[in-house]
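This report goes through a structure part by part, from its core to its sheet, helices and loops. The sequence and structure come first.

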Amino acid sequence: MKKIDRAITLINTNVRRLRCPHCGGAFTPVVGRSLLCVNAHAFDIAKTGYVNLFTGRQQDFYDAVLFDARQACIAGGLFDGLLRKIAEIIRDAGSADGFILDAGTGEGTLLARLMPMCGGTACCAGIDISRDGIHIASRDYPDILFCIADIAHLPFADGTADCILNILSPGHYGEFTRVLAPGGAVIKVAAADNHLQEFRQLIYSGSDAEYYSNAAVKDLFASRMNLMSVSHVEHTVLLAPDMLSHVVLMTPLLQQVPAEKKALLSAETRPVTLSFDILVGKRPV
Ligand SMILES: C[S@@+](CC[C@H](N)C(=O)[O-])C[C@H]1O[C@@H](n2cnc3c(N)ncnc32)[C@H](O)[C@@H]1O
Ligand SMILES: [Zn+2]
């Protein structure tokens, strides 16, 4: 089956979960290559199979180079410890057979690698504001529904998601609360204070950027969601130059660092710490 036809089947299976980003109206099943809402707002389905449901001015924070590097790091297993913990949380929450939305999915690799770890029959969707990210995601992971969309205006109906993942991406707790099904949970992953500390020390030594604290992220989450649990996952791994070069390119932390300096960072084997806090919250009552 062609990619676009698989995508149309996926969209039609989930059509009642989607809602028009212009008017909030329901969508009707795909006609030709267009998704139409009950008020005739139309959205085309791209050849690779995603649908663009973002109505603002396109703004890409990151480019394909960053997403290709993220894909190489995730496919190389660097995030597997984190993913195994998230899979355990999803199973314990009883969401492994539900509808899982990854808000800020990037190029979709984390979601695609996570799903088999959950061991259920979950139906998954990933959204991101980046066209480059969603292009790669829909090209490489055809069993997942991908949309370009804004976390602050989710194109999903009220109460549709059993689980919302929000991994290393900005959150919008008003939207998460609206879209979560009763009893559903948000699983937010925030970079923890030691995340990539070796690079901070090398590049930002002596400046404020040498140290990071995610306290504000955690406080905001706890003030907006009914906090159920906080877990911490941390590994320090020794990385050879080929994997290091992907890590250097995949992190927003080093986006502004000149190319020559980036090359030096990955010139020789060095330890790198990956450190995450996983916050689980339910809809506030
Ligand atoms: C550091 S990346 C994380 C991507 C993925 N979750 C991962 O961990 O590999 C942050 C992502 O948030 C996305 N993003 C930023 N603001 C957004 C918004 N308002 N709506 C949707 N996505 C957004 C970016 O495009 C980017 O893909
Ligand atoms: Zn509409």
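## Nonpolar core

This is a predicted model. The largest nonpolar core has 83 residues, and among these Leu-101, Cys-147 and Ile-164 touch the most other members. When residues up to four places away in sequence are not counted, Cys-147 touches Tyr-50, Val-51, Leu-53, Ala-125, Ile-127 and Pro-155.

## Surroundings of ligand 1

There are 19 residues around ligand 1, and those that come nearest are Gly-104, Gly-106, Ile-129, Ile-151 and Ser-169. By residue class, the shell around ligand 1 divides into 10 nonpolar, 6 polar and 3 charged residues.

## The sheet

The sheet is open and is formed by 8 strands. Their order is S4-S7-S6-S5-S8-S9-S11-S10, and the pairing is mixed. Strand S4 (51-52) and strand S10 (226-239) stand at the edges; each has a single partner strand, so one side of each is left without a neighbour in the sheet. Strands of a sheet pair through backbone hydrogen bonds, in either a parallel or an antiparallel sense.

Both senses can be followed along one stretch of this sheet. Strand S8 (residues 161-167) and strand S9 (residues 180-191) run parallel and are joined by 6 bridges. Within this part of the sheet, Cys-163 stands opposite Ala-185 in S9. S8 and S9 also belong, with helix H6 (residues 173-179), to a right-handed β-α-β unit.

## From S9 to the edge strand S10

S9 runs antiparallel to strand S11 (residues 270-282), and 7 bridges join the two. Lys-188 has Leu-279 as its bridge partner in S11, and Ala-185 stands opposite Lys-282 in S11. Ala-185 is thus a residue with a partner in each direction, as Cys-163 also stands opposite Ala-185.

S11 pairs with S10 in the antiparallel sense as well, over 13 bridges. The bridge partner of Asn-226 in S11 is Lys-282, the residue that Ala-185 stands opposite. Another pair places Glu-234 opposite Ser-275 in S11.

## Helices H4 and H9

Helix H4 (residues 109-118) is mostly covered, with 7 of its 10 residues buried. These are Thr-109, Leu-110, Leu-111, Ala-112, Leu-114, Met-115 and Cys-118. The cover over the buried residues of H4 includes helix H2 (64-75), helix H3 (80-92), strand S5 (99-103), strand S6 (123-128) and S8. After H4 comes Gly-119, with a positive phi near 70 degrees.

In helix H9 (residues 241-250), the buried residues are Leu-244, His-246, Val-247, Val-248, Leu-249 and Met-250. They pack against H2, S10, helix H10 (259-265) and S11. H2 is therefore named in the packing of H9 and in the cover of H4.

## The loop between S9 and H7

Asn-194 lies in the loop between S9 and helix H7 (197-204). Is Asn-194 buried or partly exposed? Asn-194 has 17 C-beta neighbours inside 10 Å, so it counts as partly exposed. Leaving aside neighbours within four places in sequence, Asn-194 is in contact with Glu-234, Thr-273 and Ser-275. Two of these contacts, Glu-234 and Ser-275, stand opposite one another across the sheet. From Asn-194 to Asp-63 the C-alpha to C-alpha distance is 25 Å, and the two are 131 residues apart in sequence.

Leu-196 is also placed in the loop between S9 and H7. With 19 C-beta neighbours inside 10 Å, Leu-196 counts as partly exposed, because a residue is buried at 20 or more.

## Residues with a positive phi

Most residues other than glycine have a negative phi. Leu-196 is not a glycine, yet its phi is positive, about 55 degrees. Leu-168 is likewise not a glycine and has a positive phi of about 55 degrees.

Leu-168 is found in the loop between S8 and H6. There are 18 other C-beta atoms within 10 Å of Leu-168, so this residue is partly exposed.

Technical notes. Residues numbered from 1 in each chain as written. Chains lettered and ligands numbered in written order. Predicted model: local features only at pLDDT ≥ 70, side-chain atom pairs only at ≥ 80, totals over all residues. Core = buried A, V, L, I, M, F, W, Y, C linked by C-beta atoms within 7 Å. Buried ≥ 20, exposed ≤ 12 C-beta atoms within 10 Å, placed from the backbone. Contact = placed C-beta atoms within 7 Å. Near = placed C-beta within 6 Å. Nonpolar A, V, L, I, M, F, W, Y, C, P; charged D, E, K, R; others polar. Pairing = 2+ DSSP bridges. Helix = DSSP H or I, 4+ residues; strand = E, 2+ residues; numbered from the N terminus. Right-handed = clockwise from strand over helix to strand, strands pointing away.
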